[in-house]
Amino acid sequence: MKDEAAIHHARQMKPLATFQVITDTHITEEPQHIHNLHLERALTDLLSFSEGSSGIMHIGDVTDHGRPGEYHELHRILKSYRTLLPTIRYTLGNHDVGIGVVEEHPADLMSMSSQEIHAWVQEAMAKSAEAPMQEEQLGDFWEQRLGMFLEETGSLAPYHDHWIDGYHFIFLGTEQPHPKDCEMSSTQLQWLETTLAEKAAPNRPIFVFLHQPLLNTVAGSMEEQGWYGVKQDTELKAVLNRYPQVMLFTGHTHWTLDNERTRYGDDQQRPSMFNAASVAYLWTDEDEYLEGSQGLHVEIYEDRVIVRGRDFVQGCWLEGVEYTVSYPVSREVESTL
């Protein structure tokens, strides 16, 4: 009862700041494709509760294949909302820059289980390995795909950070065109160490965004499910674990928000991690495709952060999908200015 009373009290207060998290829009070149229609519906719904927001954080797979025509569609959709919605900031997804997703998906993708899709990705990678690109060709491909993503989204680099309304927002991303996973350099990991330490304090959350989840954390990332995907999983966990005030938001899995693993980590001694579902389409605990569109709304208060799940198609809050992360965290963290 005490926890419920505390949540009710927090709701009566005006949050210090809010932001929204969307992911996996998978925009195609077809204006009437369900993915494109779902993004339009999501943006319309966001208008109803994002006034004064610190921003919309998009955590990857903006497009389905990283093609110019898909970015054209993205901008067509966004044009009507640019002056109405808060700033959208972007994270790299494997579909935006991955070499294995240049070709079309199998026609029956939506009827395949996650294991079958994983097997398809592995087969595509194996075929690529049989006739691999020369290093120079691979470099050219990466530069072209990354350059297009940065120009079309207004991002400055594969990883970047922003101070917004007094809070630190950090975006991580792959540095190789892997068809499914994230490949982080030692330089990025060291940058993350330095960036996390900037003005770090136990009573101030740090918000981190990455497309792929870490192994055995949120929904879809269990080893048997196959949708984890950070090559430097151990190293990244080691960095993040030094900052229990971190809240990490990931996409990639498309898993629905109404499951027991939407949130990982709830003991104030390690970072909290959240699955952000997908705008384009959803995946279920029964390992099945589900037509739908979901995302997260985040409210920041003096002593806690509340994360709520949103159904963009129905335009309503998801019952039971609400999480509270309390601050300060239980461990002191050195602060550098």
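In this predicted model, one open sheet is built from six strands in the order E4-E5-E6-E7-E9-E8, and its pairing is mixed. Strand E4 (160-164) and strand E8 (263-264) occupy the edges of this sheet; each has a single partner strand, so one side of each is left without a neighbour in the sheet.

Helix H7, spanning residues 186-197, packs on this sheet. The helix touches E4, strand E5 (167-171), strand E6 (206-210) and strand E7 (246-250). The direction of H7 makes about 170 degrees with that of E5.

At the E8 end of the order, E8 pairs with strand E9 (residues 272-275) in the antiparallel sense, over two bridges. Within this pairing, tyrosine 264 stands opposite methionine 273 in E9.

A further open sheet, also described by six strands, follows the order E3-E2-E1-E12-E13-E14, with mixed pairing. Its edge strands are strand E3 (88-90) and strand E14 (316-326), each of which pairs on one side only. From one strand to the next, the twist averages 20 degrees.

Strand E12 (residues 294-300) stands between E1 and E13 in that order. Strand E1 (residues 17-22) and E12 run antiparallel and are joined by five bridges; here threonine 18 is placed opposite glutamate 299 of E12. On the other side, E12 pairs with strand E13 (residues 304-311), again in the antiparallel sense, over seven bridges. Glutamine 294 has aspartate 311 of E13 as its bridge partner, and isoleucine 300 is matched with valine 305 in E13. The connection from E12 to E13 is a hairpin through three residues.

The antiparallel pairings described above are collected here.

| Strand pair | Bridges | A residue pair |
|---|---|---|
| E8 and E9 | two bridges | tyrosine 264 and methionine 273 |
| E1 and E12 | five bridges | threonine 18 and glutamate 299 |
| E12 and E13 | seven bridges | glutamine 294 and aspartate 311 |

How enclosed is E12 by the rest of the structure? Seven of the seven residues of E12 are buried, so the strand is largely enclosed. The term buried denotes under 20% relative accessible area. Both faces of E12 are covered: one side carries Gln294, Leu296, Val298 and Ile300, the other Gly295, His297 and Glu299, and all of these residues are buried. Two of the residues named in the pairings recur here: Gln294, the bridge partner of aspartate 311, and Glu299, which stands opposite threonine 18, belong to opposite faces of the strand.

Notes: Residues are numbered from 1 along each chain as its sequence is written. This is a predicted model: local features need pLDDT of at least 70, side-chain atom pairs count only at pLDDT 80 or more; totals for chains, interfaces and linings use all residues. Side-chain values use heavy atoms; hydrogens and water are left out. Two strands pair if DSSP finds at least two bridges between them. Helices (H or I, at least four residues) and strands (E, at least two) are DSSP runs, numbered from the N terminus. Contact means heavy atoms within 4.5 Å. Axes are lines fitted to C-alpha atoms, for helices over the stretch in contact, and angles run from 0 to 180 degrees between N-to-C directions. Buried means under 20% relative accessible area, exposed over 50%, partly exposed in between (1.4 Å probe, protein chains only).
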